[in-house]
Structures are given as structure tokens and as C-alpha cells.
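Trainee: I'd like to go through the labels people put on a structure and ask what earns each one. Can you take me through them with this model open?

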Amino acid sequence: MGAHRAELLAGLHALANGTPHENVIGGTGATAGPDADSDAGTWAFGGSAERAAQATTALRERFPAFAAAHDEVSERFGGALGGDAATFALHVALARLLLAAELRPGAVVGRGVGEVSAAHLAGALDLPDACRLVAQRDAPGSDALALTGGKPTVPVLDAGSAPFAEAGAFLDFGPEPFPDAPRSAERLVPGDGRAVGRGLVEALARLHTSGATVGWAALFGGGPRPRAVPLPTYAFQRRRFWLQEPPPADGAPVAAYASEGGPR
């Protein structure tokens with residue numbers, strides 16, 4: 001990974017030398033889930049609105065698919081996103097970005113407003129009903145809602161009792177760490193000072209190097225189309241095998257031979 005040529009070269013040199021480097025993301029070769037082509041493990045939705053706005057601004061600037069999904073959710077709230085609505089919009093837009101990248105959850109889990117996010121991403125609530133439920137959370141005491149609901153197409157885990165296995169991917173979509181998350185959890189919105197966009201790409205790179213298929217082009221719509229570059233499996237060796245003796249004085253032709261024999 002790298003933001004410019006110098007960072008990419010530094011990572012490439014480290015890869016060639018077999019030395020660890022912050023710009024090199026490696027994997028074990030293990031699959032990310034039962035279906036390595038698309039299953040991105042458990043998607044967890046939690047966190048409060050305190051950091052949601054900051055993360056949203058950074059992600060909107062970098063990822064067009066995120067911005068488009070965020071606009072769709074924002075319109076449901078009349079363009080005013082605050083409280084639970086801001087966190088819900090972040091959850092949904094991030095999830096739509098990963099879905100556009102051809103990834104899908106093997107299961108979902110939520111805490112707080114993240115329970116609504118998880119239900120929506122699982123297919124149990126459509127977007128209008130989910131937004132209405134979030135709006136009611138921000139305005140307690142309002143009338144009860146009549147929600148249609150649907151059958152989930154993805155398993156919904158109970159955050160209070162479901163154990164989270166260390167094996168397999170666990171993607172945390174919240175602006176704060178998901179409670180009781182496994183040590184292997186991937187924070188899509190890091191809180192350790194890393195740029196938000198880089199944290200997201202690092203998490204997806206680890207999925208990629210663990211066997212999942214990531215549709216990278218969908219992440220960077222509107223910019224240069226990314227492409228996979230096959231690297232050589234050996235170091236380049238340049239060695240000439242041509243005879244260097246000057247031609248004979250009488251002008252007779254000279255045959256040059258390569259190391260494996262035979263005229264050239």
C-alpha cells in the first residue's frame with residue numbers, strides 16, 4: 001500500500017527482501033469464510049455519534065460509492081443527521097461500499113442503534129422502516145411504529161450472548177470498538193490516528209490476502225482504475241552469453257553460442 005510512488009517502492013523493496021514493512025499487507029492463505037470469493041465474516045455495528053461525523057467526512061471525500069449511499073440515507077432524515085441517525089448513516093454507507101466491492105456478510109450483529117443497522121443489512125428491515133425506527137430512537141415518547149419487516153437473508157447474532165470465534169473475519173463498522181469483539185477484529189474506522197480511508201483499505205487488503213475476492217474497482221470509482229500487477233517469483237538476473245571476441249581478420253562469419261548451446 002502507498003499514497004505515492006516512494007511509499008509503494010519502499011513496500012516493494014521490503015517485499016522483495018522478505019522484511020516486515022507497514023506498507024506490506026500479508027496473509028496466511030486461509031480463507032476469510034466458508035465462501036472465500038465473497039464471504040467477509042461477521043459484520044458488527046456499534047458505536048456512538050461522537051466520531052461518526054468526522055469519519056463520514058473523510059470517507060465521503062475518498063469513496064464515491066460511500067458518498068452516494070450516505071446521501072440516500074441522509075435524504076430519509078431530511079438532510080439532518082444527528083444522534084443515532086449519524087451513526088446509522090455511517091453504518092449503512094460503509095456496508096453499501098463493501099457490498100459494491102462484491103463482499104457480503106456471513107452474519108451481522110449490532111449494539112444500540114447498530115441493532116437497527118444489522119437488521120437492515122440482514123434484510124429484516126427495508127431502508128424506510130429502518131430510518132423511521134432510528135428517528136423514533138432519537139425522539140423517545142413518540143407514537144409506536146407499524147413496521148412491515150421481512151425474513152433475514154443473513155444470520156443475525158445476539159450481541160449479548162453470541163460468542164465471537166477468533167477464527168474468521170470480524171469487521172467492526174462502528175466509530176468506537178465493538179464490545180467483546182475478538183482480538184482479530186478489523187476496525188474499518190480506526191481510532192489510533194491512522195487516516196480513516198487507509199484503515200478501511202488495510203482491513204480489506206488483509207481480507208484479500210486471506211483469500212476473499214475484493215472488487216477494488218468499485219471502491220475507487222471516479223479515479224484511476226486499479227489493477228492487479230503480477231510480480232516475478234524470482235529476482236531478475238542479467239547475464240550475457242554472447243561471444244565477445246572480435247571477428248577474424250579474413251572476414252569469415254563467426255557463430256555466437258548461448259549458454260545452453262546452439263547457434264544464435
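Trainee: What makes the contact between the side chains of D180 and R111 a salt bridge?

Mentor: Keep in mind that this is a predicted model. The N to O distance between R111 and D180 is 3.5 Å, and the cut-off for a salt bridge is within 4 Å. So the pair counts as a salt bridge.

Trainee: And what does the D180 and R111 pair tie together?

Mentor: D180 sits in the loop between β3 (170-172) and β4 (186-187), and R111 in the loop between β2 (107-110) and α5 (114-122), so the bridge joins parts that are 69 residues apart in sequence.

Trainee: Why is D180 called exposed, and why is R111 called partly exposed?

Mentor: Exposed takes over 50% relative accessible area, and partly exposed is the range between 20% and that. D180 has 60%, so it is exposed. R111 has 27%, so it lands in the partly exposed range.

Trainee: How many salt bridges does the structure hold?

Mentor: Eight. One of them pairs the side chains of R96 and E72, at 3.0 Å from N to O. That pair links distant parts of the chain, with R96 in helix α4 (residues 84-100) and E72 in helix α3, 24 residues apart.

Trainee: Are R96 and E72 buried or exposed?

Mentor: Neither label fits. R96 has a relative accessible area of 26%, so it is partly exposed. E72, at 33%, is partly exposed too.

Trainee: What about R198 and E202, where do they lie?

Mentor: Both are in helix α7 (residues 196-208), four residues apart, or about one turn of the helix. Their side chains meet in a salt bridge with 3.0 Å from N to O. As background, an α-helix has 3.6 residues a turn, so residues three or four places apart point the same way.

Trainee: Why does E202 count as buried, and what is R198?

Mentor: Buried means under 20%. E202 has 8% relative accessibility, so it is buried. R198 has 24%, so it is partly exposed.

Trainee: Now the helix pair. Why is α2 called oblique to α3?

Mentor: The axes of α2 (residues 52-62) and α3 (residues 64-76) cross at roughly 125 degrees and come within 6 Å. Roughly perpendicular covers 65 to 115 degrees and roughly antiparallel is over 145. The angle falls in neither range, so α2 is oblique to α3.

Trainee: What is the handedness of that crossing of α2 and α3, and which residues make the contact?

Mentor: The crossing is left-handed. On the α2 side the contact is made by T56, L59, R60 and R62, and on the α3 side by P64, F66, A67, H70 and D71. Those residues divide into four nonpolar, two polar and three charged.

Trainee: What makes α5 largely enclosed by the rest of the structure?

Mentor: Eight of its nine residues are buried, so the label follows. The buried ones are G114, V116, S117, A118, A119, H120, L121 and A122. They pack against β1, α4, β2 and α6.

Trainee: Which residue follows α5, and what is its phi?

Mentor: G123, with a positive phi near 95 degrees. G123 is in the loop between α5 and α6 (127-138). It has 37% relative accessibility, so it is partly exposed.

Trainee: What is G123 in contact with, leaving aside its neighbours within four places in sequence?

Mentor: G150, K151 and P152. The C-alpha atoms of G123 and G150 are separated by 6.5 Å, although the two lie 27 residues apart along the chain.

Trainee: Back to β1 then. How do you know that T42 is buried?

Mentor: T42 is in strand β1 (residues 42-45). Its relative accessibility is 15%, and the cut-off is under 20%, so it counts as buried. Leaving aside neighbours within four places in sequence, T42 is in contact with A107, V109, L157, A169, F170 and L171.

Trainee: What does the whole protein look like in numbers?

Mentor: It has eight helices and four strands, in the order α-β-α-α-α-β-α-α-β-β-α-α from the N terminus. Buried residues make up 38% of the 264 residues. Of the contacts with a separation of 6 or more, 64% join residues 24 or more positions apart.

Technical notes: Residues numbered from 1 in each chain as written. Predicted model: local features only at pLDDT ≥ 70, side-chain atom pairs only at ≥ 80, totals over all residues. Heavy atoms only, no water. Axes fitted to C-alpha atoms, helices over the stretch in contact; angles between N-to-C directions. Helix = DSSP H or I, 4+ residues; strand = E, 2+ residues; numbered from the N terminus. Parallel < 35°, antiparallel > 145°, perpendicular 65-115°, else oblique. Left-handed = near helix turned anticlockwise from the far one by under 90°. Contact = heavy atoms within 4.5 Å. Nonpolar A, V, L, I, M, F, W, Y, C, P; charged D, E, K, R; others polar. Buried < 20%, exposed > 50% of the residue type's maximum accessible area, 1.4 Å probe, protein only.
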